[in-house]
Amino acid sequence: MGRIPASIGTGIGIILLLIMGMDMARTSAELENTSSSAGLFWSTAKEEGDLVHKAGPADDSTAASEDLDGGFSSLDGMLQWAIGHSDTAKLKETAQDVQRLSPSELKQRQLELKELVEKLKMPSDAQLMQIALDDLNNSSLSLEDRHRALQELLILVEPIDNANDLCKLGGLVAIIRELNHPDTDVRKISAWILGKASQNNPFVQKQVLELGALATLTKMVKSSSADEAIKAFYAVSALIRGNVAGQELFYAEAGDKMLQDILSNPGVDIRLRRKGVFLVADLAECQLENIDQPEMPFFSNHFFLKSVVDLTASTDLDLQEKALVAIKNLLQLRTTEALVFKDFCGLGDALERMKQQLEDLMLDEYHRDYVMDVEGLRKEVELIFQAKLGKGVRVPT
């Protein structure tokens with residue numbers, strides 16, 4: 001851990017005193033509870049003046065409301081940050097002192113607080129990202145500092161506006177470059193950042209795809225490190241989900257074969273297999289929502305379909321459930337054939353075996369509700385399958 005910048009550290013006591021004076025309803029016990037979740041410490045390989053603190057995790061209400069042009073958007077945001085870096089016992093004493101202030105003294109201190117906040121000029125998220133990117137572009141940066149810079153970007157990139165700013169700062173080039181770093185953790189976190197930035201964000205998806213990152217990420221999915229493979233797959237999924245152009249590139253990079261290998265190999269980490277079949281379900285759903293778009297050829301590949309159906313025999317109920325969702329969507333595609341599901345994939349027998357298994361699992365009272373939900377999904381898939389067999393046409397959603 002680095003040290004707090006002097007200009008900030010000297011003002012903490014004053015900040016706490018003034019902020020708590022504006023929030024008299026807050027009790028000492030509440031302060032003690034709040035202080036249990038310390039804020040994140042932002043440190044880089046730069047000089048002490050670049051060391052900053054940022055309040056709370058990425059999903060904290062105060063963090064989410066901070067403006068891009070710098071500073072805390074509310075006094076409560078600064079309170080959370082200051083409490084996270086202060087001594088609890090001293091906070092109690094300070095709270096008691098504040099309660100003895102007269103209204104006029106409190107008003108004066110509120111004015112002082114406003115002036116002090118202006119002087120502190122806390123950096124914006126965009127400025128923090130730029131500091132981290134400058135570190136990554138420093139070829140002499142230590143591995144520890146490189147990890148730290150990436151971890152900071154991983155949190156900062158969560159809000160969609162920050163993800164867009166990362167593109168504008170030229171940060172994607174730096175992150176994609178790190179995908180080829182010799183250190184596994186650097187590659188893993190870099191893929192994770194790209195996945196977070198691309199999630200439901202067409203603007204970032206387009207930029208990352210144009211920079212050619214999909215090919216590298218697809219290769220990383222085959223890594224001997226399960227964690228690296230999972231984070232790379234997460235990034236691939238985020239890039240192509242809801243993105244037709246990305247899906248076409250995915251197919252061009254033999255993404256269908258990669259998916260089939262993941263689904264058909266029982267030796268693959270179970271987490272990766274779950275993500276794999278979940279992506280299949282999502283891609284099929286996207287196809288159903290874009291009926292004017294040509295269907296991807298692998299949707300009608302017999303071996304690919306069988307690899308999905310075979311997952312219903314897994315002992316992992318979560319994987320079975322995700323496989324059922326994928327089968328449900330695949331059955332509704334124009335290009336899939338009911339007889340292929342029946343004769344080549346053995347879907348009818350698979351659904352019957354699963355029915356027997358679920359009946360046995362229902363005897364376990366602890367898991368009964370979840371098992372009943374899965375059985376409801378299994379029945380739905382069976383009905384769609386029988387309808388497709390009977391009519392020989394796509395089943396309406």
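Is Glu 178 buried or exposed? Glu 178 counts as buried, because its relative accessibility is 3%, and the cut-off for buried is under 20%. Keep in mind throughout that this is a predicted model.

Glu 178 has a charged partner. Its salt bridge is with Arg 177, and the closest N and O atoms are 3.5 Å apart. Arg 177 comes out as partly exposed, at 38% relative accessibility. So this salt bridge joins a buried residue to a partly exposed one. As background, side chains of opposite charge can pair when their charged atoms come close.

Now the chain as a whole. The protein chain has 23 helices and 2 strands. Of its 397 residues, 46% are buried. The accessible surface is about 19,300 Å², and carbon and sulfur atoms hold 51% of that. On contacts, take those with a separation of 6 or more: 71% of them are between residues 24 or more positions apart.

Back to charges. The structure has 19 salt bridges in total, and I will go through two more of them.

One is between Arg 274 and Asp 318, again with 3.5 Å between the closest N and O atoms. Arg 274 sits in helix 18, residues 270-289, while Asp 318 sits in helix 20, residues 317-331, so the pair ties together parts 44 residues apart in sequence. Both ends are partly exposed: Arg 274 has a relative accessible area of 22%, and Asp 318 has 24%.

Asp 318 also meets Lys 322 in a salt bridge, at 2.6 Å from N to O. This pair stays inside helix 20, with the two residues 4 apart, or about one turn of the helix. Lys 322 is partly exposed too, with a relative accessible area of 22%. Through shared partners, salt bridges link Arg 274, Asp 316, Asp 318 and Lys 322 in one network.

The last item is a set of acidic residues on the surface. Which residues gather in the patch of negative charge? They are Asp 349, Glu 352, Glu 359 and Asp 360. Patch members have no salt bridge by the criterion used, in contrast to Asp 318, which pairs with Arg 274 and with Lys 322. Asp 360 is placed in helix 22, residues 347-361. Its relative accessibility is 55%, so Asp 360 counts as exposed, the cut-off being over 50%.

To recap the charged sites: Glu 178 is buried, Asp 318 is partly exposed, and Asp 360 is exposed.

Technical notes: Residues are numbered from 1 along each chain as its sequence is written. This is a predicted model: local features need pLDDT of at least 70, side-chain atom pairs count only at pLDDT 80 or more; totals for chains, interfaces and linings use all residues. Side-chain values use heavy atoms; hydrogens and water are left out. Patches are made of residues with over 30% relative accessible area and no salt bridge: like charges are joined within 9 Å, nonpolar side chains (Val, Leu, Ile, Met, Phe, Trp, Tyr) within 5 Å. Accessible areas come from the Shrake-Rupley method with a 1.4 Å probe; for residues, only the protein chains shown count as cover. A salt bridge is a side-chain nitrogen of Lys or Arg within 4 Å of a carboxyl oxygen of Asp or Glu. Lys and Arg count as positive and Asp and Glu as negative; His and the chain ends are not counted. The place of a charge is taken as NZ of Lys, CZ of Arg, CG of Asp or CD of Glu. Buried means under 20% relative accessible area, exposed over 50%, partly exposed in between (1.4 Å probe, protein chains only). Contact means heavy atoms within 4.5 Å.
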